[in-house]
Amino acid sequence: MSRKRIAVIGAGISGLAAIKCCLDEDLEPTCFERNDDIGGLWKFQKNASEKMPSIYKSVTINTSKEMMCFSDFPIPDHFPNYMHNSKLMEYFRMYANHFGLLKYIRFKTRVRSVSKRPNFPTSGQWDVVVEAEGQRESLLFHGVLVCSGHHTDPHLPLQSFPGIEKFTGCYFHSREYKSPEDFSGKRIIVVGIGNSGVDIAVELSRVAKQVFLSTRRGSWILHRVWDNGYPMDSSFFTRFNSILQKILTTASINKYLEKTLNSRFNHAHYGLQPQHR
């Protein structure tokens with residue numbers, strides 16, 4: 001019996017894992033990647049492209065290597081706990097080469113449509129139309145794995161900023177930010193206290209005249225490095241802590257964590273004390 005053919009859309013971290021899992025299950029994967037390289041979100045590019053994920057040059061992962069590596073391919077010991085995006089790309093290439101995944105990827109190929117075949121209730125088959133070098137091709141598959149990610153469409157709610165049309169400075173979404181050099185000596189406000197907002201505010205503070213970080217409400221700031229220099233996630237997600245969470249009340253856990261975080265710096269002193277636990 002011939003192997004079932006599976007279409008994998010995207011050759012980022014999920015796409016690579018999907019190809020590997022298909023091979024483990026004796027399926028025949030074909031991965032379609034619109035770019036000329038693997039990596040997806042983690043492939044740094046100087047210019048942001050429409051409908052494509054985009055990162056800034058200094059991005060470092062906020063999950064430790066022990067917690068985010070593929071279970072069947074540990075990250076080398078000499079790699080840092082929290083890797084720069086270039087190191088992560090190096091790891092992806094090692095993974096893809098080790099398991100021979102690249103030969104299953106068709107680069108510079110866009111998926112134009114995915115639809116069920118007329119006899120889908122009995123066959124379970126899909127029609128996938130792809131395009132490469134201006135030529136379209138219709139292919140038949142027994143399954144489709146969508147690994148195209150979701151960091152593609154920037155949310156820029158300009159209606160929330162009355163008078164923005166009169167603003168004479170420049171404004172843009174963080175996906176368009178790449179490096180701090182162009183902001184030397186300027187006054188900047190970063191809106192939002194998510195991971196990207198904090199990263200960019202800190203980076204700009206080294207070159208800008210002044211940087212403001214705006215947030216609708218406070219936020220608990222967790223550091224990558226926890227007690228005794230261990231990665232935060234490795235310290236949190238242990239069997240012992242899992243048992244404690246089942247024994248202790250939510251209120252007692254919150255009290256402990258809030259005390260720990262405020263011992264590093266008092267959130268109230270910086271206008272960051274949130275109402276939520």
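These questions and answers go through strand pairing and salt bridges in a predicted model.

Colleague: In which sense do strands E8 and E9 pair, parallel or antiparallel?

Modeller: Strand E8 covers residues 187–191 and strand E9 covers residues 210–214. Arginine 187 stands opposite glutamine 210 in E9. Over five bridges, the sense of the pairing is parallel.

Colleague: Which helix joins E8 and E9 in a β-α-β unit, and what is the hand of the unit?

Modeller: The helix is H5, residues 195–204. Together with E8 and E9, helix H5 makes a unit that is right-handed.

Colleague: Is lysine 20, the salt-bridge partner of aspartate 24, buried or exposed?

Modeller: Lysine 20 and aspartate 24 both lie in helix H1 (residues 13–24), four residues apart. Their closest N and O atoms are 2.9 Å apart. Buried means under 20% relative accessible area. Lysine 20 has 9%, so lysine 20 is buried.

Colleague: Which strands hold glutamate 137 and arginine 106?

Modeller: These two residues form a salt bridge, with the closest N and O atoms 3.1 Å apart. The pair links distant parts of the chain, 31 residues apart: glutamate 137 is in strand E6 and arginine 106 is in strand E3.

Colleague: Glutamate 131 forms a salt bridge with arginine 112; is glutamate 131 buried or exposed?

Modeller: The N to O distance in this salt bridge is 2.8 Å. Arginine 112 is in strand E4 and glutamate 131 in strand E5, 19 residues apart. Arginine 112 counts as partly exposed at 41% relative accessibility. Glutamate 131 has a relative accessible area of 19%, under the 20% cut-off, and is therefore buried.

Terms used: Residues are numbered from 1 along each chain as its sequence is written. This is a predicted model: local features need pLDDT of at least 70, side-chain atom pairs count only at pLDDT 80 or more; totals for chains, interfaces and linings use all residues. Side-chain values use heavy atoms; hydrogens and water are left out. Two strands pair if DSSP finds at least two bridges between them. Helices (H or I, at least four residues) and strands (E, at least two) are DSSP runs, numbered from the N terminus. A crossover is right-handed if, with the strands pointing away from the viewer, the path from the first strand over the helix to the second runs clockwise. A salt bridge is a side-chain nitrogen of Lys or Arg within 4 Å of a carboxyl oxygen of Asp or Glu. Buried means under 20% relative accessible area, exposed over 50%, partly exposed in between (1.4 Å probe, protein chains only).
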